Amino acid sequence: MRLADRRKLFSYGLREIWRRFCRRSAGLRLAVTSFSLHVPDRLIVAPTDLRSLDPFVAEEILEGRFPLAGRILETYGESPFSVELPSRAFAERLHSFAWLRHIRTNKTEASCAHVRQVVADWIALHGRRPKGLAWEANVAAERVIAWLSHSTVVLQGAEAGFYRRFMKSLAYQVRYLRKIAGCTPEGDTRLRLRIALAMASISMPTRAAYIRREGNRLDRELERQILADGGHISRNPRAVLDLLIDLLPLRQTYINLGHDLPQKLIPTIDRMYPALRFFRHQDGDLALFNGASATPASELMSVLRYDETAGKPFKALPHMNYHRLSAEGTTLIVDTGHALSTELSRAAHAGCLSFEMSSGRHRFIVNSGAPKHGSRTYRQITRSTAAHSTVTLNETSSGRVARSRLAGPILLGGVSEVEVERWDDPHGNDWLRATHNGYGREFGYLHEREIGLNAKGNKIKGHDRLFPPEGEAAEDDPLGAAARFHIHPAITLLRRDEESVVMRAPDGETWIFAAPGLQVLIDEDIFFADVSGARPSQQLVIEFSLPHTSDIRWMLRRGE
């Protein structure tokens, strides 16, 4: 490991030790001062939840089976919090209570009493001391939002004693979130925490000064995390959607109650919509970069129906560092950036210069995507360069995932500089050229990718080049390289010859991938970002060896 990487691990590890100390101290202080906790006597409003509802999930939960995070827990009449849980992802979903929304599809007196007992079990087993997974910042923030949004389900027909215990636990959790907000790492969890606190400030009786204070803190976090182009600092397209799902009900709740809105709230929402549209493919789904996974169409449409900024997607998001080439029903989205900080690299992918391509109603070339509820091993695999539609050198990622238990899975080494050029040629064709230095330190090569889309949208030209930095000589030792093009599992591949492959969509639309003078291999692959979980798929691979072959050309052409 290089000295610079050791220093990064050490520095970030110290910061993580300090955060853990602050969170533990916050929990202890909260336990000591809980006797002075002010408990509101009621809730004023239940904010709307825009997430999709599933009556099947509601039916299963009411029968004592919890289908969460791709697993099913059979409780056999026991509390789900008193049995062994099948996975960490399952535990997070269970303790977040986001599943309460499904009960709205079967909001009978019996079903409300059933979930009320589950809530009572959680309060008795986990609600008195802030420790463990149930009190991690992301889980606690989601739980506060869920309890507020679905309080009408939990409290329907509730006795006065339960109502009091519920309000006391909610107030306790809100105070805990306030205490840990300052030591929560940079990222969407900290923003969701601020959203939860702002939502709580207007959903429970409190002073106007407190409402203003939480609104101002939300404003500052929005300003820090939502970039000028509307993207999120994580560079994850899905983060934009997930945050809008929480911000839109918050905005409407402020309006319905007649409160002054936080100054940044409406301008930020308006700025995020164009970024969300930027990442939409021709089939309506979102691009799979930097942790994005499957996107339920119902959630996307529930957010887009509030879009008052309708218009064509931008050609680029310069602060989020993505480019979009689009013509006549063909779209390419290209990643031309890297993680904006060490903290944000905890979830970033080593996919610089990867691209996705869609046409008609289908995605053809994609990245492998992130598993929605996958294991740690799967998540590490999907962060590698090889899981993206770009070039890999010597079977090595352009950024390596750290295996430190303390610092967490931050990216080490990797891309620090990306040069980008965009232009239209005299024929109206759209061109993008970008170069990154992710392989510069270890192998002495820069990767340059050039992609052009013609004005008719039926031809794409690509050129990948690996070369040493200016003034340096190429290494004599041979290095293997591979350009990968991950194919969406709905697409069928048919070989034409060694140099070309036909890609056919279910409705018959075809594109021909060709690499003149090179062998195009068809290899097995896994698509991690399907709604139903990981699916087998295929990939096209062009293998070459440096320094003998330093550049390759390939093209895509729409079939007749």
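This tour moves from the whole chain to helix α2, then to the contact of α3 with α5, and ends at R224 in α9.

The model is predicted: local features need pLDDT of at least 70, side-chain atom pairs count only at pLDDT 80 or more, and totals for chains, interfaces and linings use all residues. Residues are numbered from 1 along each chain as its sequence is written, and side-chain values use heavy atoms, with hydrogens and water left out.

**Whole chain.** Display the C-alpha trace of the protein chain, which spans about 80 × 55 × 50 Å along its principal axes. The secondary structure comprises 14 helices and 21 strands (DSSP runs numbered from the N terminus: helices are H or I of at least four residues, strands are E of at least two). Of the 560 residues, 55% are buried (buried means under 20% relative accessible area, exposed over 50%, partly exposed in between, with a 1.4 Å probe and protein chains only).

**Helix α2.** Select residues 55-62. Within this helix, V57, A58, E60 and I61 are buried. Viewed down the axis of α2, the buried residues fall within an arc of 165°, so they line one face of the helix (the arc is that of the directions from the helix axis to the C-beta atoms). Add β1 (65-68) and α4 (109-126), which are included in what covers these buried residues. At the start of α2, a side-chain oxygen of D54 comes to within 2.9 Å of the backbone nitrogen of F56. After α2 comes G64, whose phi is positive, near 90°.

**Helices α3 and α5.** Next select residues 88-96 and 137-149. The axes of α3 and α5 come within 8 Å and cross at roughly 35° (axes are lines fitted to C-alpha atoms, for helices over the stretch in contact, and angles run from 0 to 180 degrees between N-to-C directions). From α3, the contact draws on E92, R93, H95 and S96; from α5, on N138, V139, E142, R143 and A146 (contact means heavy atoms within 4.5 Å).

**R224.** Finally, select R224 in helix α9 (residues 208-225). R224 is partly exposed, with a relative accessible area of 48%. Show E221: a polar contact of 2.7 Å joins its side chain to that of R224 (a pair of N or O atoms within 3.5 Å; within protein, one must be able to donate a hydrogen and the other to accept it, and residues adjacent in sequence count only if both atoms are side-chain atoms). Leaving aside neighbours within four places in sequence, R224 is in contact with R190 and I233. The C-alpha atoms of R224 and L191 are separated by 9.3 Å, with these positions 33 residues apart along the chain numbering.
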